[in-house]
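Please open the model in your viewer and keep the selection panel at hand. The stops below each suggest what to select next and say what is to be found there.

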Amino acid sequence: MLYQKNLPVKYEPDVFIAGGGPAGVCAAIAAARMGRSVFLAEAQGSFGGLGTAGLVPAFAVFGDDVHILAAGIGLEIRQRVCPELPLSKHWAGIRVERLKRAYDDLIEASGVRYSFFTTLCDVVAENGVVDHVVLTSKSGMFAVRAKVYIDCTGDGDLCAYAGSDFEKGDENGAVMPPTLCSLWSNIAYARRSGPDSSRLEEAIRDGVFSQPDRHLPGFFTVNREKGIGGGNIGHVFDVDPLDEVSLSAAMVDARRRMDEYEHYYKQYLKGYEDMELVTTASILGVRESRRICCDYMLNSNDFLSRAVFDDEIGRYCYPVDIHIMNTDPEELSRFETEYRKTYRYAKGESYGIPYRSLIPRAFSNVLVAGRCMGTDRRMQASVRVMPGCFITGQAAGVAAALAVVKRGNVRAIDIHALQSALIGQGAYLPNAKAST
């Protein structure tokens with residue numbers, strides 16, 4: 001079918017951002033604080049992506065136990081959401097309504113224009129330059145023309161629709177299994193003992209689970225006094241996160257299997273006898289899909305070498321966290337070795353993130369941030385968590401703001417000026433040199 005339609009160009013900002021998750025929010029605020037006009041399109045009814053609509057129950061590490069690495073805008077968000085928890089606390093529980101309102105308040109204060117329930121559906125590009133993006137919303141389809149575009153969709157949709165090369169999953173294209181996160185009440189935290197997985201093998205032998213799953217991240221404390229916990233429980237295997245039919249089936253399957261996990265926690269563990277499911281997330285917790293091919297693909301050797309780059313825009317330290325790919329016990333052993341030993345840092349250690357890993361090879365006026373940035377598979381499994389997205393999103397926003405005066409050319413900006421501007425916004429860049 002050939003379909004043609006004249007579309008209104010509804011917005012013409014300096015910077016357009018696809019996706020209002022942690023990377024997109026930080027990119028938008030950073031660019032606006034640099035004095036640029038910004039329009040952000042978000043498909044859900046709130047900012048925050050998996051931390052809000054996806055009910056991911058806790059923040060990963062913000063620092064290396066010596067330095068706060070996700071400083072700047074990410075730190076502002078963290079301090080608004082859980083000010084009662086020390087910054088040194090790993091896996092700080094998220095009260096989801098606090099997080100939603102923190103994003104709302106910061107975006108509103110920045111002057112960023114945005115719309116929810118607005119989905120990117122096409123990109124018009126030619127000769128390495130994106131000219132327009134096409135969006136669909138309740139008011140119909142419309143176009144946006146910007147000077148610089150930032151892909152913060154998590155799946156790399158903007159870049160892929162425009163024709164960018166990308167990598168996906170392992171050598172066979174298989175990706176980490178997603179999880180449908182959930183919120184529960186009536187947990188007696190004082191009575192809990194041992195890890196959530198302490199009797200998992202016994203329950204598997206007893207036939208509790210229709211899909212045996214030996215990797216159980218478990219519950220994270222959201223409100224200890226009120227007995228509220230966030231569940232990161234149950235993987236859904238063999239899901240293609242770029243196929244809506246596969247995603248739909250996974251959502252239904254994951255909701256159905258919540259009964260099995262409720263049975264496990266109530267019957268096998270202490271402190272959960274009166275637990276009650278409050279809700280499951282409205283989107284699936286996808287961990288991995290596209291990785292856009294960028295000027296530099298951050299890789300596992302950079303993790304192992306604690307890499308430093310001349311064009312460094314941040315540093316991070318979360319371990320390589322590739323969730324088990326199947327139910328084989330050997331897969332759990334692989335995960336435990338990688339996550340807890342091979343790819344884990346000592347206190348004060350981190351790796352650098354180069355600006356080149358935010359520049360898609362195929363385009364001159366596009367940046368990418370968040371979990372779909374330019375990395376190999378292992379590094380994606382480290383930088384994909386929320387603090388990593390805060391770091392790369394803020395850097396992309398500042399870089400886009402600087403590129404506006406370079407006719408949108410993201411490779412033409414001065415790296416020292418980028419680093420200086422990021423430091424001015426509170427970013428942690430110990431290896432940056434002064435602007436010339």
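Begin by selecting residues 386-403, which make up helix 11; this is a predicted model, and in it helix 11 has 18 residues and spans 25 Å from its first C-alpha to its last, close to the 26 Å expected at 1.5 Å a residue. If you colour the selection by accessibility, you will find helix 11 mostly covered, with 18 of its 18 residues buried.

Keep helix 11 displayed and add the side chains around it. The largest nonpolar core has 110 residues, and those that touch the most other members are Phe-16, Phe-59, Tyr-316, Tyr-355 and Leu-367. Helix 11 supplies the largest share of this core, namely 11 residues.

Next, centre the view on Tyr-355. Which residues does Tyr-355 touch, not counting those up to four places away in sequence? They are Asp-311, Ile-313, Leu-367, Ala-399, Val-410, Ile-413, Ile-415 and Leu-418. Then hide this selection and show Leu-55, Cys-181, Val-239 and Met-251, which are included in a second, separate core of 30 residues.

From there, move to helix 12, residues 415-424, where Gln-419 is found. Is Gln-419 buried or exposed? Its relative accessibility is 1%, and because the cut-off for buried is under 20%, Gln-419 counts as buried. Leaving aside neighbours within four places in sequence, the contacts of Gln-419 are Asp-310, Asp-311, Glu-312, Leu-429, Ala-432 and Lys-433; Asp-311 also appears among the residues that Tyr-355 touches, and it may be helpful to show both environments together.

Now switch to a cartoon view and select the strands. Four of them form an open sheet in the order 1-9-8-7, with mixed pairing. Its edges are strand 1 (9-11) and strand 7 (119-126), each of which pairs on one side only, and the twist averages 40 degrees from one strand to the next.

The sheet can be followed from one edge to the other, starting at strand 7. Strand 7 pairs with strand 8, residues 129-137, in the antiparallel sense over seven bridges, and one bridge pair to label is Glu-126 with Val-129 in strand 8. These two strands form a hairpin with two residues between them, and in its turn Asn-127 has a positive phi of about 55 degrees.

Continuing across, strand 8 is joined to strand 9 by five bridges, with the two running antiparallel. Here Thr-136 stands opposite Met-141 in strand 9, and a second stop at a turn shows a hairpin that links strand 8 to strand 9 through two residues. At the far side, strand 9 (residues 140-144) and strand 1 run parallel and are joined by two bridges, with Val-144 in strand 9 as the bridge partner of Tyr-11.

For the last stop, select the cysteines. How many disulfides does the structure hold? The structure holds zero. Cys-82 is in no disulfide, and the nearest cysteine sulfur, that of Cys-26, is 14 Å away; Cys-82 is also buried, with a relative accessible area of 1%. Return finally to Cys-181, one of the residues of the second core: the closest cysteine sulfur, in Cys-389, is 14 Å from its own sulfur, which is too far for a bond. With a relative accessible area of 4%, Cys-181 is buried.

Note on methods. Residues numbered from 1 in each chain as written. Predicted model: local features only at pLDDT ≥ 70, side-chain atom pairs only at ≥ 80, totals over all residues. Heavy atoms only, no water. Pairing = 2+ DSSP bridges. Helix = DSSP H or I, 4+ residues; strand = E, 2+ residues; numbered from the N terminus. Axes fitted to C-alpha atoms, helices over the stretch in contact; angles between N-to-C directions. Core = buried A, V, L, I, M, F, W, Y, C linked by side-chain atoms within 4.5 Å. Buried < 20%, exposed > 50% of the residue type's maximum accessible area, 1.4 Å probe, protein only. Contact = heavy atoms within 4.5 Å. Expected span 1.5 Å × (residues − 1). Disulfide = S-S within 2.5 Å.
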